Amino acid sequence: MSNGGAGLDIDDLDAGVASALKGADITPDMLAQLAGADHRISSNDELGRLFDLIDRVDHDGSFNSIATTKTDADGKTVATASGEVYDALASELARARLGAPATSTPIASAINKKDPTALPSPAECQKSLTAIQAQGFTDIHLRPLPYMNQSDGRWANTQYDRSPPVPGEVRTIKQAGCAPTSLAMADCCLRDSHMRPEDVAKFAVAAGVSGAPNGAGTNTAGLVHDWAKANGLSVTAGTSPDQSKNVDVLKAGLESNGVALISVGVNSDTGKGHFTTTSHVMVVNGCAMKDGEEWFAIANPGRRDQATPHAGLLSVDDDVKQIPGAANGDGSVWISRTQLEAEMERCFVLHAGAQS
């Protein structure tokens, strides 16, 4: 795919990708409508419309019925084409919006070769920074990281047992793996480790911190501290009942080159939240000033596009903004301090190197 010129000829899609598109209820007629008269998808606008179409299919639940993993001849769990076509298209759209060169290989090859753990390039970081500054943000402290989503077909259906496991239960990273996915992003940022969510999930299960049998998610505090100890990182926790104090801990850590995992819930005053209806774990990797208030950069493993409506959740408003031109994990989504204090429950700031 490219920003212009020849573009992608939809007649030349390989059979696996074409099948994946059909499996996601995306028909050849839909693709033809997105392409121009020459039957080619060539512009950012057309590619963006294709991405939005797939994103809507994902959010309304149709995409969830597609098998995203399978067992190969060696008994290993591997991703299917259906599980990866979304992410390949999302990657190409992000590259186009950042002005990066399009991948030159066919889309099926790009799917297989794409490294979801790679840090953004300097050119991509500069493009995002320019977009953030254009929205009036100043005094920006931001550590770009590779964005990972727990619904990514490469690991979405990986088994993520509780501690101890519940016999017969099927519990996956997609269902309960927000903390391992968030920690994978943070670790890649701090150590360039190329850790993936399934690596962290396996560690959590082995360490007995993957979540109690009667719980919904992970023992995040236990996971962060155990991971930090095993990998030479330091942790500063903000666990006060006073969220203003916790945000102070968060801001100080970000300004000293740290990256944080935060637990969020709903605003107790309104009963609503931007990121969850119950509880959720995300990454905060930056802070800045805008209009005299502190703002914080979010990388949300549960939602690729904050601006797209999601059942039961708030999207964007005066307190949560999505920056056009900034990439996920590189300052795309920002939340005001006021709103963060209303929705955050605690934070864990990680730094490279052992704590002195």
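The exercises below work through confidence, helix packing and one residue in a predicted model.

**Exercise 1. Determine where the chain has pLDDT under 50, and what this implies for reading the model.**

Solution. Begin with the chain as a whole, whose mean pLDDT is 81, with 67% of its residues at 70 or more. Next, look for the weak stretches: pLDDT stays under 50 over residues 34-46, for which the model nevertheless has 35 contacts beyond four places in sequence. Residues 58-66 are also below 50, and this stretch has 17 contacts in the model beyond near neighbours in sequence. Finally, apply the general caution that predicted coordinates should not be read in detail where pLDDT is low.

**Exercise 2. Describe how helix 8 and helix 10 are oriented towards each other, and name the residues through which they meet.**

Solution. Take the two quantities that describe a pair of packed helices, the angle between their axes and the distance between the axes. For helix 8 (residues 178-191) and helix 10 (residues 220-231), the axes come within 11 Å and cross at roughly 30 degrees. Because angles under 35 degrees count as roughly parallel, helix 8 and helix 10 are roughly parallel to each other. The crossing of helix 8 past helix 10 is right-handed. On the side of helix 8 the contact uses A179, P180, L183, D187 and R191, and these meet T220, L223, W227 and N231 in helix 10. Sorted by class, this contact has five nonpolar, two polar and two charged residues.

**Exercise 3. Carry out the corresponding analysis for helix 9 and helix 10.**

Solution. Helix 9 (residues 197-207) packs with helix 10 at an angle of about 105 degrees, and their axes are 10 Å apart. Since angles of 65 to 115 degrees count as roughly perpendicular, helix 9 is roughly perpendicular to helix 10. Helix 9 contributes V200, F203, A204 and A207 to the contact, while helix 10 contributes L223, D226, W227 and A230. By class, the residues of this contact divide into seven nonpolar, no polar and one charged.

**Exercise 4. Decide whether T220 is buried or exposed, and list what T220 touches beyond four places in sequence.**

Solution. First place the residue: T220 lies in helix 10. Then compare its relative accessibility with the cut-off, which is under 20% for a buried residue; at 3%, T220 therefore counts as buried. Leaving aside residues up to four places away in sequence, T220 touches A179, L261, S263, V281, R346 and F348. One of these, A179, belongs to helix 8 and has already appeared in Exercise 2. As a last step, consider the distance to I262, which is 42 residues from T220 along the chain, although the C-alpha atoms of T220 and I262 are separated by 9.0 Å.

Note on methods:
Residues numbered from 1 in each chain as written. Predicted model: local features only at pLDDT ≥ 70, side-chain atom pairs only at ≥ 80, totals over all residues. Heavy atoms only, no water. pLDDT = per-residue confidence, 0-100. Contact = heavy atoms within 4.5 Å. Axes fitted to C-alpha atoms, helices over the stretch in contact; angles between N-to-C directions. Helix = DSSP H or I, 4+ residues; strand = E, 2+ residues; numbered from the N terminus. Parallel < 35°, antiparallel > 145°, perpendicular 65-115°, else oblique. Left-handed = near helix turned anticlockwise from the far one by under 90°. Nonpolar A, V, L, I, M, F, W, Y, C, P; charged D, E, K, R; others polar. Buried < 20%, exposed > 50% of the residue type's maximum accessible area, 1.4 Å probe, protein only.
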